[in-house]
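Good morning, and thank you for making room for this on the agenda. I should like to take you through one protein model, beginning with its confidence and ending with its cysteines.

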Amino acid sequence: MNRPDSLTRFDNEEFDICIIGAGASGAGCALDAVLRGYKVALIDKQDFASETSSRSTKLIHGGVRYLEQAFKKLDFAQLKQVRHGLEERHIVLKNAPHLARPLALMTPVSSWFEGLYFKIGLQLYDAFAINDTLPKSKWLSKKEVLAKIPTLDPQKLHSGVLYYDGQLDDARYCLAIVQSASEQGAAVANYMEVDGFVKNESGKLTAVNAVDTRSGSKYTIKAKLVINCTGPFADNIRLLANPALPERLRPSKGVHVMLPPKTLNSEYAMLIPKTSDGRVVFAIPFEGATMIGTTDTEYSKVSEEPMLNEEEKEYLAATLNPYLAKPIDLRELRAGFGGLRPLLSADPTKSTKSLVRDHEIELDEKTGLLSLLGGKWTTYRLMAKDTIDEADVIFSQQKPCTTDAHILAGGADFDPESWKKLAADFALSDEVARHLVSKYGSWAGRVAALGRDNAALAEQLSPEYPYLKAEVVYAVRAEMAVTLRDFLARRVRMEITDWKETLNVLPVVASLMARELEWTEEQEKNELAEYAALIQKFIAGAQLA
């Protein structure tokens with residue numbers, strides 16, 4: 001991916017489709033459209049997956065709680081959502097095997113009746129998962145459960161039901177979709193903020209006015225069709241194109257906390273089936289930490305980044321504590337993050353947790369703007385397919401969707417055991433080699449080669465994590481990372497797993513990026529100070545010592 005090349009194309013070419021928003025749904029639309037032969041531009045006002053798509057629970061799932069609600073309330077919309085999710089789950093796993101993998105989840109239960117209830121529910125969940133290779137659910141004895149998650153409280157535990165879903169590195173998965181679209185010919189660029197549209201005499205959109213927020217340069221991207229894929233911010237773009245449109249979104253805030261791995265001391269995840277507000281909460285091993293989430297609260301200030309606060313931190317700890325032998329010490333909290341769900345407005349009297357995470361495609365007849373509204377990570381490909389099917393109708397043609405069989409960047413010829421050869425070829429530790437293969441897949445050698453060619457880049461950024469200095473250079477050259485946060489929050493996931501270590505490695509990352517991006521000394525100092533201040537704000541918001 002080459003940002004200057006894309007910017008030149010924005011100035012000189014006319015596109016069939018310009019997609020605003022490069023999260024999972026926008027990236028998915030770009031890949032689908034370019035594979036169908038459309039000429040595509042993809043832009044985002046921040047980085048790829050910088051909002052909702054990098055702040056998920058990292059699960060690929062049909063939604064166990066939707067299934068329960070569907071049967072309790074005879075709600076067929078919820079049932080359809082589960083079916084869609086489970087149909088897509090195996091495609092998401094198959095198309096990027098280096099970034100997505102099966103995850104075993106345990107549901108601890110306190111009585112025989114509760115165990116039976118969850119066993120039946122999860123058997124139904126299994127039954128909906130057709131064409132699926134994941135193992136089926138099992139009801140395990142107390143002894144079997146404790147062997148798998150030894151930190152649970154044996155006094156309160158009766159047994160447990162084990163089932164399987166998928167887990168993904170959401171930010172890198174989205175990046176792989178963007179890279180794949182770019183490989184197929186899409187012009188892609190981050191940090192392109194839309195500030196208006198060009199319309200013809202009949203009021204239809206003919207171009208997107210965008211500002212490169214890194215340089216201040218202005219671009220007019222000519223396109224026959226504009227697609228709005230901006231998630232919780234979709235109303236902003238809809239109303240910019242046509243102020244007469246009603247608002248459609250009710251964003252909801254969800255937060256996660258990161259605790260030491262000893263919290264569960266297990267490679268198994270946990271579904272907490274009962275919470276004080278009737279939701280489910282997950283405790284999941286992720287990147288060397290235990291991630292607990294998520295919450296669900298109304299959030300109207302979409303212009304402000306949602307942050308973890310003291311109350312949410314305590315709610316999540318209090319939700320997990322009844323199941324643990326030893327309560328969580330919140331002083332051990334390493335990090336946390338908040339994100340927004342793009343929930344579609346329905347009955348204003350309903351709480352956001354009861355809104356279905358399904359999607360809708362809206363065509364504004366007045367301007368011709370096509371908006372993809374709502375949805376969730378697991379069904380990103382289906383959402384994109386439905387959107388580009390609609391584009392086919394607008395262009396009066398019909399082209400097949402092939403994304404279900406398109407292996408994403410780094411996934412071709414992927415061998416999960418290839419880390420052994422990588423370790424031997426490049427003299428890497430097993431931990432570093434495993435990490436590189438799990439993030440770059442069959443492209444891992446490209447990163448390792450930078451370290452072979454320059455010994456300084458073969459060093460780790462931190463003794464506590466397997467991230468290499470070479471990854472910073474690779475992220476700038478091949479993955480369009482242009483800010484410190486692009487690298488530390490999304491190319492590697494240090495920001496969301498360990499705030500203090502993020503601050504420790506900041507000077508080294510800033511120095512490497514400054515050299516690659518030709519920052520002045522003052523610019524390097526400013527970038528470093530600005531990002532350090534943001535991390536300090538997160539630490540203060542969560543009231544960490």
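What you see is a predicted model. Its pLDDT averages 93 over the protein, and 96% of the residues score at least 70. One stretch calls for caution: over residues 347–356 the pLDDT stays under 50. For that stretch the model has 23 contacts beyond four places in sequence, and I shall not interpret them here.

Let me turn to the interior. In soluble globular proteins, nonpolar side chains tend to be buried together. Here the largest nonpolar core has 154 residues, and the members that touch the most others are Y173 and L436. Which helix gives this core its largest share? That is α17, spanning residues 499–517, with 8 residues. A separate core of 22 residues lies apart from the largest one; F10, V194, A223 and I237 are among its members.

L436 deserves a closer look. Leaving out residues up to four places away in sequence, L436 touches L422, L428, G441, A444, V447, A448, L468 and E471. Three of those names, A444, V447 and A448, return when we list the buried residues of helix α13, residues 444–453. The list for α13 also includes A449, L450 and G451. Against which elements do the buried residues of α13 pack? They pack against α11, α12 and α14, the last of these covering 469–478.

Between two of those partners there is a residue with an unusual backbone angle. A427 sits in the loop that links α11 (419–426) to α12 (430–440). Its phi is positive, at about 55 degrees, although A427 is not a glycine. A second alanine, A49, also has a positive phi, of about 60 degrees. A49 is found in the loop between β2 (40–43) and β3 (59–60). Is each of these alanines buried or exposed? A427 has a relative accessible area of 72% and is therefore exposed. A49, in contrast, is at 1% relative accessibility, so it counts as buried.

The backbone holds one further point for your attention. The peptide bond that joins G293 and T294 is cis, with omega at about 15 degrees. T294 itself belongs to the loop between β14 (289–293) and β15 (297–298).

Another threonine in a loop is T275, placed between β12 (269–272) and β13 (281–286). Why does T275 count as buried? The cut-off for that term is under 20% relative accessible area, and T275 counts as buried because its relative accessibility is 15%. Apart from neighbours within four places in sequence, T275 is in contact with V280, V281, Y315 and T319.

I close with the cysteines, since they may matter to you at the bench. How many disulfides does the model contain? The count comes to 0. C18 is in no disulfide, and the nearest cysteine sulfur, belonging to C229, is 10 Å away. C18 is also buried, at a relative accessible area of 0%. C401 is likewise in no disulfide; for this residue the nearest cysteine sulfur is that of C29, 10 Å away. With a relative accessible area of 19%, C401 is buried as well.

Thank you; I shall be glad to take questions.

Notes:
Residues are numbered from 1 along each chain as its sequence is written. This is a predicted model: local features need pLDDT of at least 70, side-chain atom pairs count only at pLDDT 80 or more; totals for chains, interfaces and linings use all residues. Side-chain values use heavy atoms; hydrogens and water are left out. Helices (H or I, at least four residues) and strands (E, at least two) are DSSP runs, numbered from the N terminus. Buried means under 20% relative accessible area, exposed over 50%, partly exposed in between (1.4 Å probe, protein chains only). Contact means heavy atoms within 4.5 Å. A nonpolar core is a set of buried Ala, Val, Leu, Ile, Met, Phe, Trp, Tyr and Cys residues joined through side-chain atoms within 4.5 Å. pLDDT is the predictor's confidence in each residue, from 0 to 100. A disulfide is a pair of cysteine sulfur atoms within 2.5 Å.
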